[in-house]
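User: I should like to study the empty spaces and the nonpolar interior of a protein. May we proceed by question and answer?

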Amino acid sequence: MPKFEGVYVALVTPFTSSYEVDYKRLAELCHWLIEQGIHGLVPTGSLGEYATMSDGERAKVVETVIEASAGRVPVVVGSAAPSTRQAISWVEHAKASGAAGVMALPPINYRPLEHEVIAHYEALNEVGLPIIAYNNPHDYKVDLTPQLLAQLSRLEHIVAVKEFSGDIRRVHDIQTLTHLDVMIGVDDLAMEGGLFGATGWISGVPNALPKEGVELFQLAKQGKIQEATALYRKLLPLLHFDASPQLVQSIKYMMELAGFPVGPTRPPRLALPEAQYAAVKQAFALAAEEYQAIKD
């Protein structure tokens, strides 16, 4: 059985107008997403702006999400950090706080050799918490190829991979070469991932449209191609924003449009040009309208 299955939302972190972490709003977001049917929560990932937080803020965000989830859905914590030692400490904190697992990048501040990537994950594996290896070769310096994942999959606690390369063929290759579960990590491959055997989707846009995200992935998993395609083609312009460097600003704006505002992004992320907000608004209107039409 898959360890982490279904739609896991990579949480945004709400901020006040003065850029303080809004823990109350974060808890409200967790409750709302769970009520809307999502299957898991992923705090302190890139979408959660973890790199802008102090250690104290980051720890409290993790603890807030785990407390708010109250065991209703699994919480998988983003553990990225500049050094292996720091990453280990975040995995240890996640374990002590009651997380179900961690989402772990390879070394992020250095272009490591293959044996260094393996050693990094070996060190995280020692903590004893289930690990979703995170492959994002676009934003970081390492590509966790299917061949490299085959080596990492020998580690007891590496159970899945968040696949963000954008190449849907990777799903097939990973399934052929490893026993790992594949979780699609880029929103605009959500349908293809579900159709071709991904067990889960670590998602961004479902922060704003959780019901739509869950329905899309479930339709794909069930092989209901006609129904999935009708929804997917209307959602796709919105899902494309998840693959942009400005994904955090875009998704926080989507949440405002959805009636669940979560405040600004922390600098260096600033407000977007009006033309970009207009494009998000147009795509959001199309997605919401189509979903309502399908439900009616």
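Analyst: A nonpolar core is a set of buried Ala, Val, Leu, Ile, Met, Phe, Trp, Tyr and Cys residues joined through side-chain atoms within 4.5 Å. The model shown here is predicted.

User: Which helix gives the most residues to the largest nonpolar core?

Analyst: The largest nonpolar core holds 108 residues, and those touching the most other members are Leu-41, Tyr-121, Leu-144, Leu-238 and Met-254. The greatest contribution to this core is 8 residues, and it comes from helix 1 (residues 23–35).

User: Which residues does Met-254 touch, not counting residues up to four places away in sequence?

Analyst: Contact here means heavy atoms within 4.5 Å. With residues up to four places away in sequence set aside, Met-254 touches Val-205, Ala-208, Leu-238, Phe-241, Val-280 and Phe-284.

User: What is the volume of the largest pocket, and which class of residue is most frequent in its lining?

Analyst: The volume of the largest pocket is about 630 Å³. Of its 32 lining residues, Ser-46, Asn-136, Asp-139, Leu-247 and Arg-269 are the closest to the centre. The lining divides into 7 charged, 11 polar and 14 nonpolar residues, and the most frequent class is nonpolar.

User: Which helix provides the largest share of the lining of the second largest pocket?

Analyst: The second largest pocket contains about 230 Å³ of space. It is lined by 15 residues, with Gly-263, Pro-264, Thr-265, Ala-271 and Tyr-277 the closest to its centre. By class, this lining has 3 charged, 3 polar and 9 nonpolar residues. The largest share of the lining, 4 residues, comes from helix 10 (residues 247–257).

Key
Residues numbered from 1 in each chain as written. Predicted model: local features only at pLDDT ≥ 70, side-chain atom pairs only at ≥ 80, totals over all residues. Heavy atoms only, no water. 1 Å grid on protein atoms, 1.4 Å probe; cavity = no way out; pocket = protein on both sides within 12 Å on 5 of 7 lines; lining within 4 Å. Points joined across faces, edges and corners; volume = space filled by probe spheres on them. Nonpolar A, V, L, I, M, F, W, Y, C, P; charged D, E, K, R; others polar. Helix = DSSP H or I, 4+ residues; strand = E, 2+ residues; numbered from the N terminus. Buried < 20%, exposed > 50% of the residue type's maximum accessible area, 1.4 Å probe, protein only.
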